[in-house]
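Let's take a walk through a protein model together, moving from one side-chain pairing to the next. Have your viewer open and follow along.

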Amino acid sequence: VAEADLALQQAPPDAGQCAALEAIRDDALRMDEAIGALLDAARRQAAGRNAIADAAAVARDAVTGATPPGVTGVHVQVQAPDGEVLAGVDSAVLGRIIAPLAENACRHATSEVSVRVSRAAGKVRIVVQDDGPGVPQDEREAIFEPGARGTGATGDGAGLGLALSRRLARAAGGDVRAIAGSGGCFEVTVPGA
């Protein structure tokens, strides 16, 4: 991050270099947040403390900054039951699970993204859906491999967001999967609290 900031201050000669340095800095900051969330969750687990988060509040926070640069005209809404929807997951970890799904949904949406939070059978379910082209059925599992990007991928991502999202969910006793639906549709399940 410091190297990218320094290079940006030295005014690179062209806009392409500037954009590349900003992307490197932003990706490094996102990774730092993810690593911090993982370390905090591991410390809490090692100390024998169970984490609890309001999934609806975390979902609202996660979608606040979900629209990637250059994407405009996408309306994002969070639907949740009244009151808290308690998940047995650290709020920072749950945020890191939801954020890549929301960012991808905003990137691929035509105009609408919905995030629906609900409770069912002792679990919390979060469905992130967009009105874009969706994920082809034959890619629904492959896109969770580190470095993999779907055929409809846009932007300059490294193909790590979905892989990290699924790994964090599984480490917390849940899962993330691409499901059938109109547009892109991803389901997060985590234990309820």
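Are F144 and F186 buried or exposed? Both are buried. Keep in mind as we go that this is a predicted model.

These two residues make a good starting point, since a search of the whole structure finds one aromatic pair. It is formed by F144 and F186, which meet edge-to-face, with 6.2 Å from centre to centre and 75° between the planes. The pair links distant parts of the chain: F144 belongs to the loop between β5 and α5, F186 belongs to strand β7 (residues 185-191), and they are 42 residues apart. If you wonder why two numbers are quoted, a pair of aromatic rings is described by the distance of the centres and the angle of the planes.

F144 has another partner to look at. The charged end of R166 sits over the ring of F144, at 3.9 Å from its centre. R166 is buried, because its relative accessible area is 7%, under the 20% limit. R166 also forms a salt bridge with D175, where the closest N and O atoms are 3.7 Å apart. D175, in contrast to a buried residue, is partly exposed, with a relative accessible area of 21%. Widen the view a little and you will find E141, R166, R170 and D175 linked in a network of salt bridges.

That brings us to charge pairing across the model. Side chains of opposite charge can pair when their charged atoms come close. The count here comes to six salt bridges. What does R125 pair with? R125 forms a salt bridge with E187, and their closest N and O atoms are 2.5 Å apart. R125 lies in strand β5 and E187 in strand β7, so this salt bridge ties together parts that are 62 residues apart in sequence. R125 is partly exposed at a relative accessible area of 31%, whereas E187 is buried at 10%.

E187 has a salt bridge with R177 as well, the closest N and O atoms being 2.7 Å apart. Here R177 sits in strand β6 (residues 175-178) and E187 in strand β7, so the pair connects parts that are ten residues apart in sequence. R177 counts as partly exposed, at 41% relative accessibility.

Now let's turn to the nonpolar side chains. The largest nonpolar core has 36 residues, and those with the most contacts inside it are A55, L94, I97, V124, I126 and V190. At least two residues of this core come from each of α3 (55-64), α4 (91-108), β4 (112-120), β5, α5, β6 and β7. The largest share, eight residues, is supplied by α4. I97 is a handy residue to select: leaving aside its neighbours within four places in sequence, I97 is in contact with S165, L168, A169, V176, V188 and V190.

One last stop is a glycine. G132 is found in the loop between β5 (123-130) and α5 (161-171). G132 counts as buried because its relative accessibility is 13%, under the 20% limit. Which residues does G132 touch, leaving aside its neighbours within four places in sequence? G132 is in contact with H108, A109, T110, G183 and G184. For a distance to check in your viewer, the C-alpha atoms of G132 and V113 are separated by 9.0 Å, with the two residues 19 residues apart along the chain.

How values were computed. Residues are numbered from 1 along each chain as its sequence is written. This is a predicted model: local features need pLDDT of at least 70, side-chain atom pairs count only at pLDDT 80 or more; totals for chains, interfaces and linings use all residues. Side-chain values use heavy atoms; hydrogens and water are left out. Helices (H or I, at least four residues) and strands (E, at least two) are DSSP runs, numbered from the N terminus. Buried means under 20% relative accessible area, exposed over 50%, partly exposed in between (1.4 Å probe, protein chains only). Contact means heavy atoms within 4.5 Å. Rings of Phe, Tyr and Trp (its six-membered ring) pair if their centres lie within 6.5 Å; planes under 30 degrees apart count as stacked, over 60 as edge-to-face and the rest as tilted. A charge sits over a ring if NZ of Lys or CZ of Arg is within 6 Å of the ring centre and within 35 degrees of the ring normal. A salt bridge is a side-chain nitrogen of Lys or Arg within 4 Å of a carboxyl oxygen of Asp or Glu. A nonpolar core is a set of buried Ala, Val, Leu, Ile, Met, Phe, Trp, Tyr and Cys residues joined through side-chain atoms within 4.5 Å.
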